[in-house]
Amino acid sequence: MTWTVAPEPVDSAEAALLRRDYYGEVAGRYWGRPATAEEIDEGLTDDGAELLAAPSGAFVVGRFEGRAAACAGLVLVDADTAELTRVFVRPEFRGTGGGGLLLAALEERARALGRSRLRLDTRNDLVEARGLYAKHGYREVPAFNRGPYAEHWFAKELAAEAPAG
């Protein structure tokens, strides 16, 4: 079983569907019921996705056996820091290694863009996400924002990659 992760425009057809699935899941879990199509449309309106492209960020799509199965975004915050966002693996693909590959791809991209630190916020109910971040070296840190859905804050210092050869 093979995963691939590659940059993709946030507005491509598959990226747009992944973002809809992401929003539907996080909204539904927050509300304790499935999100309606109208609620998903509203949530995606002016959601800042334009920041997930150069020069302000990046977006990747993970494919499992060629099927779009996961996504994640990166937003540049300052000269040292980038922020992870919209990290999502469709439920049927969880536990197969895709989440770690998304993180690794965006860590590499952040380093290439000169950033030495990644950070993110998440909620109490996103237990799988918190476990993924902890497993991959992200540590809980004091709050760095006051987002309405931020209940846990994580950061990771990115070691410089050794030159090849």
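Where is the place of Asp46? The points below begin with that residue and then move along the chain of this predicted model.

1. Asp46 has its place in the loop between α2 and β2, and this residue comes just after α2. Asp46 is not a glycine, and yet it has a positive phi of about 55 degrees. Most residues other than glycine have a negative phi, and most peptide bonds are trans. Asp46 is also exposed, with a relative accessible area of 77%, where a value over 50% counts as exposed.

2. The loop between α2 and β2 (57–64) also holds Pro55, and here a student should look at the backbone with care. The peptide bond that joins Ala54 and Pro55 is cis, with an omega of about 5 degrees.

3. A further positive phi, of about 50 degrees, belongs to Glu65, which is likewise not a glycine. Glu65 is found in the loop between β2 and β3 (67–76), and it is partly exposed, with a relative accessible area of 47%.

4. Helix α2 covers residues 37–44, and in this helix Ile40, Gly43 and Leu44 are buried. Seen down the axis of α2, these buried residues fall within an arc of 95 degrees, so they line one face of the helix. An α-helix has 3.6 residues a turn, so residues three or four places apart point the same way. The face of α2 turned away from the buried side carries Glu38 and Glu42, which are exposed. Part of what covers the buried residues of α2 is known by name, since the cover includes α1 (13–31).

5. Helix α3, made of residues 98–112, belongs with β4 and β5 to a right-handed β-α-β unit. At 1.5 Å a residue, the 15 residues of α3 should span 21 Å, and the end C-alpha atoms of this helix are 21 Å apart, which agrees. Many names could be listed for its buried residues, among them Gly98, Gly99, Gly100, Leu102 and Leu103; Leu106, Glu107 and Ala110 of α3 are buried as well. Just after α3, Gly114 takes a positive phi of about 85 degrees.

6. Strand β5 (residues 117–122) has two faces that can be told apart: Leu118, Leu120 and Thr122 make up the covered face, whereas Arg117, Arg119 and Asp121 make up the uncovered one. On the pairing side, strand β4 (residues 81–89) and β5 run parallel and are joined by 3 bridges, and Ala82 stands opposite Leu118 of β5. With strand β7 (residues 152–157), β5 pairs in the antiparallel sense over 6 bridges, and in β7 the bridge partner of Asp121 is Trp153.

7. Thr81, whose place is in strand β4, deserves a separate look. Is Thr81 buried or exposed? Thr81 is buried, with a relative accessible area of 2%, where the limit for buried is under 20%. The side chain of Thr81 makes a polar contact with the side chain of Arg117, at 2.5 Å. Once the neighbours within four places in sequence are left aside, Thr81 is in contact with Leu76, Arg115, Arg117 and Arg119.

Conventions: Residues numbered from 1 in each chain as written. Predicted model: local features only at pLDDT ≥ 70, side-chain atom pairs only at ≥ 80, totals over all residues. Heavy atoms only, no water. Buried < 20%, exposed > 50% of the residue type's maximum accessible area, 1.4 Å probe, protein only. Helix = DSSP H or I, 4+ residues; strand = E, 2+ residues; numbered from the N terminus. Arc of directions from axis to C-beta. Contact = heavy atoms within 4.5 Å. Pairing = 2+ DSSP bridges. Right-handed = clockwise from strand over helix to strand, strands pointing away. Expected span 1.5 Å × (residues − 1). Polar contact = N/O pair within 3.5 Å; in protein donor to acceptor, adjacent residues only side chain to side chain.
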